[in-house]
Each structure stands twice: as structure tokens, then as C-alpha cells.
2 protein chains.
Amino acid sequence: MNQAMETKFKPRLDQIKLDYKIWLADKDGNGILGDGKWRMLKMIGEKGSLKAACEELGYTYRRTWGNIKKIEDFFGFPLLEKHRGGAEGGSMALTEEGKLLVRAFDKFHSGADTLIQKGFIKFLDDISNK
Amino acid sequence: MNQAMETKFKPRLDQIKLDYKIWLADKDGNGILGDGKWRMLKMIGEKGSLKAACEELGYTYRRTWGNIKKIEDFFGFPLLEKHRGGAEGGSMALTEEGKLLVRAFDKFHSGADTLIQKGFIKFLDDISNK
DNA sequence: TCACGATATGCATGAAAAAGCATAACGCAA
DNA sequence: TTGCGTTATGCTTTTTCATGCATATCGTGA
């Protein structure tokens, strides 16, 4: 826009980063499945255990358990197979539906990643006024 | 994937909507400028007054004032011209830098909107397993 | 110089979300 | 049948964040 912009915005540009969240919501706007829960589902799939996944990601077991319930309540069928008791105490694994959902969200998210980053570059370009 | 998916995901698809937020953050991840603050800056520009803009958007003056301070502290220079006193009591208006920032975020945001919606359509398609 | 209306800012109260604590239920293996 | 480790769940405490209230500051016009 003018010389002032050059000298004012420029010094800060490398300290700005872009952040974003995408999530699925029900028709009332209540969040159902977003980045955190999606990561958690993936990790449960990898670890085979809710407890282990929570420790890995630093979430609390109590809260995460509630989240899972919320997701399944919404979809109306289980995304996870849960097993209590046994030699190992118990286990958890993704159902086929759960795996499908995670895969789809995965793909969607990585697509969004690149698109938004591309837009961000243009944004920085705009405010740095080339 | 299989017949089960067809019957399970299908009935809920029209009740799922996509939501997302994009914001600028400093290098520590603290949010600087997102949808709400961006809308507020625009509205201040239109109304010429912080008070009026808050009433229009339903935000509290106290909180919004703090947000503005946070944004300007980050950028290190004012995005708004503030005037106290006078016949009207005072006023607020976007500086040239403020206008440029709002325009750029505007453009960025509307671009992201369409791209993400497009991705979401594909996502729904994936989980409904055509 | 006084009143008015908007900006500027501290502080106290309240509401919502997260974290944390406790404890039951479960099923295998020893 | 007892111990172990994990899932399952209620309840309390803490933290975080927004709201609301009070009040100071300012500059013009009457």
C-alpha cells in the first residue's frame, strides 16, 4: 500500500503462523469430531488401548472416555470395540466403521492442510505488500 | 466398504455439518487474530465506534477492548485510530494498516471457505462409501 | 467551566470446561 | 478365588475465561 506498510508489517511476518481447526458438528453446532478426537481415535487404533493412547497424547482418561461416548452417541453405533477384563486388563480397537471414518478424516484433513497453507502464503504476500 | 456401512452412516449424513476456524497466532500458539476479532475490526471500520460495533455484534465492550490491545501489542503498531472526548464522546477508525489487514484476511477467508467446503463434500462421499 | 458520551482500565463475580479423585465392573491367569 | 490391569462412571475440585460493574480520562459545544 505504501512505504509505511513495508517497514511496519515486515519485521513480524516470520513470527506469525497460521492455525486452524476443522470439525464435524451436529445440526445444532455441537462439536462431534475434531482434530483432538480424531487423533485420539487413531492413537487408540495404534495402541490397542484407551489408557495407553491417553498417556501417549497427554489427555486425561476421564475426559477422553466422555468424548468417545459423545461421538458414538451421535453416530448411533460403535466406532470402537471395547474389552474389559482378561489377562491384560482390557483393550480397545477401532471397528471397521471407525477405521473408515478415521481414514476419511485423514484424507480430508491433509487436503485442507495444503490448501490453507497455500492461501496463507498469499495472505502474507498481500499484507507485506509486494 | 461393505453393506453395513451403507446402512449405518447414511441416515446421519444430512445431520452432519462442517465447521472450522482459522486464525493467526504468534510463535507460541497464542491466538492473535481470528474470525471474531476480524469481524470486529471490520465492524469498527463501518460504525466508526467501538461501542457501536460491540452493540451490533453482541460482544462486550470490556472484552473487545482487551482483544484490540492484544492484537496491537502483537503487531507493535496501531490498527485503529482512537479518539477520546469531543462532541460525540469519541470515535475509532481503522488505520491504513488496519484496512489492509482486514482486506487481506477477507480474501484469505473467502478462499478458504470454498476450498474447505469442496473437501467436505468429498469427505461425505468417502464415508458414505459410493 | 460544566455536562455529555465514548474511550480506557481495574476488579469482582459467575459460568463453563477441564482435571482430578474415587471406586465399581470385568475376565483371565496363577 | 485372589490379584492385576484396564475399561466404565459418578462426583468434587481447579482452572480458565467471560461477563458485569465501577470509575477515570478526555475534548468539544453550550
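## Two chains and two DNA strands

Several elements each give at least two residues to the surface near DNA strand C: H4 of chain A, plus helix H3 (50–57), H4, strand S3 (80–84) and strand S4 (90–94) of chain B. Helices (H or I, at least four residues) and strands (E, at least two) are DSSP runs, numbered from the N terminus. This is a predicted model, where local features need pLDDT of at least 70 and side-chain atom pairs count only at pLDDT 80 or more, while totals for chains, interfaces and linings use all residues. Residues are numbered from 1 along each chain as its sequence is written, chains are lettered from A and ligands numbered from 1 in the order in which they are written, and side-chain values use heavy atoms, leaving out hydrogens and water.

### Around the DNA

Start with DNA strand C. It has 22 residues around it, and A:Arg63, B:Leu50, B:Tyr61, B:Arg62 and B:Trp65 come nearest. Of the atoms of DNA strand C that come within 4 Å of the protein, 66% belong to sugar and phosphate. To count as near, a residue needs one of its heavy atoms within 4 Å of the strand. The surface near DNA strand C splits into five nonpolar, nine polar and eight charged residues. In this sorting, Ala, Val, Leu, Ile, Met, Phe, Trp, Tyr, Cys and Pro are nonpolar, Asp, Glu, Lys and Arg are charged, and the others, Gly among them, are polar.

Now for DNA strand D. Of the 22 residues around this strand, the nearest are A:Leu50, A:Tyr61, A:Arg62, A:Trp65 and B:Arg63. Sugar and phosphate make up 64% of the atoms of DNA strand D that come within 4 Å of the protein. Its surface divides into five nonpolar, nine polar and eight charged residues.

Here are some polar contacts with the DNA (pairs of N or O atoms within 3.5 Å).

| Protein atom | DNA atom | Distance |
|---|---|---|
| B:Leu50, polar backbone atom | strand C, phosphate oxygen | 2.6 Å |
| B:Arg84, side-chain N or O atom | strand C, sugar or linking oxygen | 3.2 Å |
| B:Glu88, polar backbone atom | strand C, sugar or linking oxygen | 3.4 Å |
| A:Trp65, polar side-chain atom | strand D, phosphate oxygen | 3.3 Å |
| A:Glu88, polar backbone atom | strand D, sugar or linking oxygen | 3.4 Å |
| B:Arg84, backbone N or O atom | strand D, sugar or linking oxygen | 3.4 Å |

Helix H3 (50–57), H4, strand S3 (80–84) and strand S4 (90–94) of chain A, together with helix H4 (61–75) of chain B, each give two or more residues to the surface near DNA strand D.

### Where the chains meet

Chain B brings 40 residues to the contact and chain A brings 41, with contact meaning heavy atoms within 4.5 Å. About 4,300 Å² is buried between the two chains, and carbon and sulfur atoms give 72% of that. B:Trp23, B:Leu100 and B:Phe123 supply 13% of what chain B buries against chain A, more than any other three residues. Buried area is the accessible area (1.4 Å probe) that two parts lose on being put together, summed over both.

There are two salt bridges between the chains, each a side-chain nitrogen of Lys or Arg within 4 Å of a carboxyl oxygen of Asp or Glu. One of them pairs A:Lys107 with B:Asp126 (3.1 Å, N to O). On chain B's side, helix H1 (3–9), strand S1 (17–25), H4 and helix H5 (96–128) each supply at least two residues. H5(B) gives the largest share, 16 residues. By class, that side has 24 nonpolar, three polar and 13 charged residues.

### One residue inside chain A

A:Ile68 sits in helix H4 (residues 61–75) of chain A. Its relative accessible area is 8%, so A:Ile68 is buried, a label for anything under 20% (1.4 Å probe, protein chains only). Leaving aside residues up to four places away in sequence, A:Ile68 touches A:Ile44, A:Leu50, A:Leu80 and A:Met92.

Technical notes: Buried < 20%, exposed > 50% of the residue type's maximum accessible area, 1.4 Å probe, protein only. Polar contact = N/O pair within 3.5 Å; in protein donor to acceptor, adjacent residues only side chain to side chain.
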